[in-house]
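These are my notebook entries on one structure. I set down what I looked up, chain by chain.

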Amino acid sequence: MSLDALQAWLAMGGDARYVWPAWALALAVLAGCALHARRERRRVLDALRRPARRGGMEDKRDAHDPA
Amino acid sequence: MWRAIHRLGSPAIFYAVAGRLQPWCWALAIALLLAGSLWGLVWAPADYQQGDSVRILYVHVPTALLAQSVFVLLAAAGGVFLVWRIKLADMLAAAIAPFGALMTLLALVSGALWGLPTWGTWWVWDARLTSMLIQLFLYLGVIALRGAYTAAESGARASALLALVGVVNVPIIKFSVDWWQTLHQAATFSLVRPPSMPASMWLPLLVMVAGFYAFFVALALTRTRSEILRRESRTRWVRERVARTTGKAAR
Amino acid sequence: MSFRLEARGLDCERDGQRLFAGLGLSVADGDCLLVSGPNGSGKSTLLRMLAGQLPPQAGELAWCGRVLRHGARALRANLLYMGHAPGVAASLTPLETLAWYQALRGERGDDDARLAALEDWGLGEGAGIPAGQLSAGQRRRVALARLTLTSAPLWLLDEPFTALDRDAANLLEERLSAHVRAGGAVVLASHHVPALTVAMSRLALGESPRPDEVAV
Amino acid sequence: MGAGDADTGLATAWAATLGRELRRAGRRRGETLAPLTFFALVIALFPLGLTVQPERLAGLAPGLLWVTALLATLLSLEALFRDDHADGSLEQMLLAPQPLAALVLAKVLAHWLVGGLPLALLAPLLGVLLALPAGSYLPLAVSLALGSASLSLIGAIGAALTVGLARGGLLLSVLVLPLFVPVLIFGAGAAQAALVGGAFGAHLALLGALLALALLLAPWAIAAALRIAING
């Protein structure tokens with residue numbers, strides 16, 4: 001892959017300013033979602049390993065149903 | 001059939017089944033996306049009119065399709081949750097809604113980027129871009145409503161109902177916006193309806209679409225499993241599973 | 001008219017805490033049941049389940065032997081439920097509010113009967129002014145005036161004695177006793193133990209984790 | 001014992017609920033006229049903000065009138081169930097032996113009679129402020145009358161979904177404005193077509209179709225939303 005062929009490819013026929021940001025953004029979003037999912041899973045597992053506090057705070061109090 | 005729904009509907013079984021499927025989905029998604037990207041960026045021909053900017057098609061079309069499919073799935077899950085009260089359906093809906101909104105946003109931005117060289121401006125009131133913009137607001141409404149109630153169960157049910165109302169309106173909105181565009185603009189080159197494509201262009205597109213959908217399935221499985229752990233944290237089977245995985249790295 | 005509301009195996013859990021489980025009860029014509037228990041023990045939740053409003057997480061309701069799908073019309077047609085909020089619109093006069101509640105049950109009724117009911121409850125002169133200008137106790141009495149007018153045999157009353165003065169409380173106790181003697185049924189959630197002239201059975205929530213079957 | 005038989009029972013309950021709503025609207029004239037004053041006030045602002053040249057103003061008039069009428073309707077939606085929820089009447093409606101969707105329809109009809117219809121009648125008058133030619137007064141009013149009925153039905157779904165929430169108003173607009181888009185497109189389209197002397201029949205027909213669909217589906221959705229808001 002000669003150097004200038006690479007440069008021609010990178011230039012995207014003059015549309016580099018549009019093509020690369022679009023793909024970069026797509027990659028960023030997908031990678032971001034994947035990493036977030038992994039981190040979320042680890043956070044949930046860690047929270048479960050610590051002795052659960054009484055009445056976990058995740059599900060909020062129920063205001064619609066006064067006892 | 002009823003037995004099957006209830007059996008699959010049990011979070012424990014779904015958690016196990018999804019756990020086994022998940023690694024394969026991730027692998028498939030990454031493979032397809034890599035192949036599709038290389039094919040779309042390198043080997044696929046440029047368009048004789050638009051030149052290389054058409055390559056944004058390989059990002060814009062999959063995200064637009066996925067954005068619509070996720071909304072339909074959101075409504076279906078909402079319907080199942082409202083009618084049969086299967087909690088797992090709501091866990092799935094909570095897990096996939098943000099991703100659907102992100103895909104809509106990505107579709108909008110890539111659409112604008114694709115239109116830029118042709119129109120010279122960032123935003124044009126093109127029919128499909130406009131429909132996607134409205135769909136983004138529908139997504140935000142569904143997500144916002146879920147968190148608006150103090151009782152998590154009520155928020156979930158309200159959000160499910162809004163998703164159902166929304167999915168009925170999506171085709172109506174699309175029809176009215178298309179109709180509206182024919183009134184207001186001469187049929188300019190409608191960016192998003194790609195010109196009839198030769199096989200060399202739509203094959204990589206097919207691979208990219210498959211890659212995005214595989215990615216969505218993998219993400220949905222992972223996030224739903226986390227949601228299950230979070231909501232069923234007080235059940236015995238969750239405590240056992242967590243205890244078992246404390247030893248080796250959590251899969 | 002004989003009727004029976006049966007509840008079987010009702011569960012209620014809120015924020016991971018089990019309020020009651022496997023609760024069963026049966027209320028028929030001529031019965032009066034007092035549901036008591038500390039705040040947060042699920043008294044109101046139980047009453048709203050019995051009114052067919054809250055689909056119980058488990059268990060079922062049956063009206064005259066037929067199991068009810070959620071909120072079936074048969075139960076609602078024979079039921080008068082009174083919650084914490086009296087249900088009296090501020091911009092309407094008591095007469096108009098009572099007329100609306102009768103119309104909701106498909107009955108037209110007439111103003112004389114409504115005025116008589118209001119006078120029963122000591123609201124004769126307040127009948128024509130918008131309820132917004134009445135006190136909380138008076139608005140509560142407007143709601144209670146429905147007890148005089150309604151044709152519903154089963155009454156589910158949630159804390160009806162709140163904001164009532166001495167003679168309104170006596171009046172309510174009389175009204176409840178008369179209704180039960182006439183073949184009606186009352187399920188009452190209340191901290192105040194009413195002095196009724198009819199037999200009254202008790203269901204205590206919140207003390208024992210599994211309240212046993214209460215056959216009234 | 002027990003309620004009147006099914007059909008007369010429903011008619012009585014329905015008529016009584018409609019009467020109740022109209023009577024309450026009559027009693028609270030301030031709140032009832034608010035959308036109309038908002039409508040007139042905002043229309044009066046546009047020439048100040050935009051232009052006073054009749055031709056340009058007239059060209060924008062249909063769109064401006066329609067969008068402002070839509071926002072005025074949105075303004076009045078939050079109060080649709082708020083008071084009934086607060087004083088407990090809504091809970092009693094859920095317990096009435098009548099189908100909730102039918103009772104809710106009576107409330108929405110009252111909301112339209114007191115809100116949408118007056119807006120439609122007022123619009124041509126305000127069109128004068130925007131140099132709208134007289135020829136398009138009637139189509140404008142008809143499109144607004146027809147369209148605002150759909151807006152009331154769709155908006156009531158949002159009002160029911162947010163009835164119990166503290167600051168429900170803002171969320172209500174986020175929920176319903178996207179759903180208002182088709183009505184706005186065909187409504188403003190009709191008024192615009194009338195302005196340029198084009199055929200506006202198709203627009204009104206489509207508005208009618210939207211109304212029919214809303215009448216068919218919205219009451220069920222509103223009833224379901226109220227049950228979620230009240231009973232969770």
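**Entry 1: Chain A as a whole**

I began with chain A and noted that 30% of its 67 residues count as buried. I recorded that this model is predicted. For secondary structure, I found two helices and zero strands in chain A. I then looked up the surface of chain A, which comes to about 4,500 Å² exposed. Carbon and sulfur atoms supply 64% of that area.

**Entry 2: Two residues of chain B**

I turned next to B:Thr104, which lies in helix 4 (residues 87–119) of chain B. Is B:Thr104 buried or exposed? Its relative accessible area is 0%, so I entered B:Thr104 as buried, the limit being under 20%. I also asked which residues B:Thr104 touches, leaving aside its neighbours within four places in sequence. The contacts I listed are B:Ala67, B:Met132, B:Gln135, B:Leu136 and B:Tyr139.

I then looked up B:Arg20, which is found in helix 2 (residues 11–43) of chain B. With a relative accessibility of 59%, B:Arg20 counts as exposed, because the limit for that class is over 50%. I noted a separation as well: B:Arg20 and B:Leu164 are 144 residues apart in sequence. In space, their C-alpha atoms are 31 Å apart.

**Entry 3: Positive phi angles in chain C**

I checked backbone angles with one rule in mind: most residues other than glycine have a negative phi. Which value of phi does C:Cys64 have? I found a positive phi of about 50° for C:Cys64, although this residue is not a glycine. C:Cys64 sits in the loop between strand 4 (60–63) and strand 5 (66–67) of chain C. Its relative accessible area is 39%, and I entered C:Cys64 as partly exposed.

C:Ala163, not a glycine either, has a positive phi of about 60°. I located C:Ala163 in the loop between strand 7 (154–158) and helix 6 (166–181) of chain C. At 54% relative accessibility, C:Ala163 is classed as exposed.

**Entry 4: Helix 2 and helix 6 of chain D**

In chain D I looked up how helix 2 (residues 29–49) packs on helix 6 (residues 100–129). The angle is about 25°, and the axes lie 10 Å apart. Angles under 35 degrees count as roughly parallel, and helix 2 and helix 6 of chain D therefore fall in that class. Their crossing is right-handed. On the side of helix 2 of chain D, the contact includes D:Thr32, D:Phe39 and D:Ile43. On the side of helix 6 of chain D, I noted D:Val114, D:Leu122 and D:Leu126 among them. By class, this contact between helix 2 and helix 6 of chain D has 14 nonpolar residues, one polar and no charged.

**Entry 5: Helix 8 and helix 9 of chain D**

How do helix 8 (residues 168–195) and helix 9 (residues 201–231) of chain D cross? I found an angle of roughly 155°, with the axes coming within 8 Å. Angles over 145 degrees count as roughly antiparallel, so I entered helix 8 and helix 9 of chain D as such. This crossing is left-handed. Helix 8 of chain D contributes residues including D:Pro182, D:Phe186 and D:Gly189. They belong to a contact with helix 9 of chain D, where D:His203, D:Leu207 and D:Leu210 are among the residues met. I counted the classes for helix 8 with helix 9 of chain D as nine nonpolar, three polar and no charged.

Methods. Residues numbered from 1 in each chain as written. Chains lettered and ligands numbered in written order. Predicted model: local features only at pLDDT ≥ 70, side-chain atom pairs only at ≥ 80, totals over all residues. Heavy atoms only, no water. Helix = DSSP H or I, 4+ residues; strand = E, 2+ residues; numbered from the N terminus. Buried < 20%, exposed > 50% of the residue type's maximum accessible area, 1.4 Å probe, protein only. Areas by Shrake-Rupley, 256 points an atom, 1.4 Å probe, with all protein chains shown as cover. Axes fitted to C-alpha atoms, helices over the stretch in contact; angles between N-to-C directions. Parallel < 35°, antiparallel > 145°, perpendicular 65-115°, else oblique. Left-handed = near helix turned anticlockwise from the far one by under 90°. Contact = heavy atoms within 4.5 Å. Nonpolar A, V, L, I, M, F, W, Y, C, P; charged D, E, K, R; others polar.
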